[in-house]
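Trainee: I should like to learn how a sheet and a chain contact are read from a model. May we take one as an example?

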Number of protein chains: 2
Amino acid sequence: MENFIYDNQTKIIFGKDTELKIGQLIKPIGKKILVHYGGGSIKKSGLYERIIKSLEKEKLEIFELGGVKPNPRLSLVKDGINLCRKESIDFILAVGGGSVIDSAKAIGIGAKYDGDVWDFFEGKTQITGTIPLGVILTIPAAGSESSTGTVVTKEDGWYKRSAGSLLIRPKFAVMNPELTYTLPNYQTACGATDMISHVLERYFTNVPNVEFTDELCEGTIRTIIKHSKILMKEPKNYASRAEIMWAGSIAHNGLLGTGRIEDWASHSIEHELSAVYDIAHGAGLAIIFPNWMKYVYKHDINRFVRFANKVFNVEIDFKNLERTAKEGIKKLKLYFNEIGLPTSLSEAKIDGKQLEAMSKKATEKGTVGNFVKLHEEDVLNIYKLSL
Amino acid sequence: MENFIYDNQTKIIFGKDTELKIGQLIKPIGKKILVHYGGGSIKKSGLYERIIKSLEKEKLEIFELGGVKPNPRLSLVKDGINLCRKESIDFILAVGGGSVIDSAKAIGIGAKYDGDVWDFFEGKTQITGTIPLGVILTIPAAGSESSTGTVVTKEDGWYKRSAGSLLIRPKFAVMNPELTYTLPNYQTACGATDMISHVLERYFTNVPNVEFTDELCEGTIRTIIKHSKILMKEPKNYASRAEIMWAGSIAHNGLLGTGRIEDWASHSIEHELSAVYDIAHGAGLAIIFPNWMKYVYKHDINRFVRFANKVFNVEIDFKNLERTAKEGIKKLKLYFNEIGLPTSLSEAKIDGKQLEAMSKKATEKGTVGNFVKLHEEDVLNIYKLSL
């Protein structure tokens, strides 16, 4: 096990009707509130109205900025920064999923920085402050509600890049599983895949003696697989919505990576895909992850055997461990298909024309991944395996 | 799943040599530091000197109070409170295990309260403030390093009682597994039992649809069982010391109880035992827990079947679920014996003379437990089963 620091200060308020007290939650922290959200769904569902009512009750001053798209855009982040500066916003409430939260995080750090907010995503400077942030989660997937990261896409050149700091963890996350009842199956499936991928990026490590977190990782993945399947048939199953929502948060709150060196190659490879083709991040991961596995499993067959056995209950063939390892990868792919996601680029109607350029971009700052360090050529091979 | 709030702000600094930066850690929080500890072992081991050196390097003013005993005493807590008031202590550093940390927590809340600190333990008043607290953990067991609770024993009448609040979670916990190399096997075994019991108190619940935390609970217990057995033979196995130390913290940091209604009957029943006979808490739990299980398993046989199967890999006998349930309880008892703990009162050389009085005291504020609500008579029956 590696030395580690674990410091997660996000307060989780979980369960039915928890959004009704949002005004009381924010009152001790901020007075001028930017409500940041995506499309019109929160207005149609009545959630927007409930939030505004609760904020007004506490006499908080409300500003708003909607229009966040999946793979959130730098241009809207800059609009948000300008608005925060102009109105001296002192708290940002993100209402939505990972894209909205990531956009809000970027606005928060940009507003406290004199230079160009993209500097953080280019690694040119460190995050030193932010407008404090809270979340009402409506799409469980990204885990951004209690994570230290943000991912934003710069339209000029379609760069999708991440930035991170302990400082940008949300102060709180309000998580009411009922708010996710209306998610279409495709979005639920993409969310589950994103969560599982967050665990897998931590699970595949070269650090020995991390069995406790191995156990937690495996239990988290089993939970997500089981309950995402139930939700495909019963989208209003509260129990399954709740299990998925909480597991998705734990999947990315830092706990499962404690003591481990994490990988993140598949995320880097996928980011190019969703930046260029604007495919949902979860769908992109369903395509990339099994193919990344096929490409690297020989690096540590025993770990893939463990994965196959513990996650998918594949019987271990001690005479042919490689077969067991490959069976686990196959099961993961089948699961993604079962919940309606593509597992190849062709299924997602993406041709091979941009693969060279994407491989180059994915590796322009060096290799990606830690389990196996992948060069431009490796990334291209994984894209080609995914065709 | 029940609604819940999860809010754990303890920063974990985990790994080798982490205690060497204790001065830097405390400097932004306090200036006048009370170093609180137990016997002389931290002086013999050299830990004390390393701590003092680091505090002095940051020019912090140092006070000290040693002498904390297992099942920490109210009288020493009161000494600590007086010292803190007299010297205007603004930070308490607990160096030790659960007893030292609990004693430090009680000192912290007592120093900020005008009345008798025992009021908190009698439930007469709520905790509203504390001197901030940090921990260097040397005995992994109680989980107090990131928990919200404290347990103190009042010598007058030998009452062992708990108090709790989010406010008393330590600011940080420094956890270096190497500091636990010298623990005798008996203490390691007691620690493992305490950890497992913390999980079991959460595991046995009547709340349905808590599968994610079921999975996390089971993985945590499996980890503790496996690595505590290794440590009986290899006390300086870093990997196992690290797994146990981190699992013990997660066992009691609140995560595994999210969405559940917890039980805590066995702890209440054990507290009387260690208050009266001054037996180690872990050893008391090894006696009480399997007997509590025997007494209540019929209340929900399926949950005990799951426990047997998932934790001890007992094959499920579908024609006789009760047999499977009982096999799991037997396996737990055998495990406690294997790591050298008593599983009956007689093994611990405790006779039955005080059982009536203890049962009365354990239930003087009403029933104990939530999985099954136990009255005085039930508690007596469990003590008798334990003879």
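Mentor: The following turns treat the sheet, its helices and the chain contact. This is a predicted model, in which local features need pLDDT of at least 70, side-chain atom pairs count only at pLDDT 80 or more, and totals for chains, interfaces and linings use all residues. Residues are numbered from 1 along each chain as its sequence is written, while chains are lettered from A and ligands numbered from 1 in the order in which they are written.

Trainee: In what order do the seven strands of the open sheet lie?

Mentor: Strands (E, at least two residues) and helices (H or I, at least four) are DSSP runs numbered from the N terminus, and two strands pair if DSSP finds at least two bridges between them. Here the order is β1(A)-β2(B)-β9(B)-β6(B)-β5(B)-β3(B)-β4(B), with mixed pairing. The edge strands, each paired on one side only, are β1 (4-6) of chain A and β4 (61-65) of chain B.

Trainee: How many bridges join β1(A) to β2(B)?

Mentor: Three, and the two strands run antiparallel; Tyr6(A) has Ile12(B) as its bridge partner. By contrast, β5 (91-96) and β6 (133-137) of chain B pair in the parallel sense over five bridges, with Val95(B) partnered by Ile136(B).

Trainee: How many residues does each chain give to the contact?

Mentor: Residues are in contact if their C-beta atoms, placed from the backbone, lie within 7 Å. Chain A gives 30 residues and chain B 28. On the side of chain B that touches chain A, α8(B) supplies the largest share, seven residues.

How values were computed:
Two residues are in contact if their C-beta atoms, placed from the backbone, lie within 7 Å.
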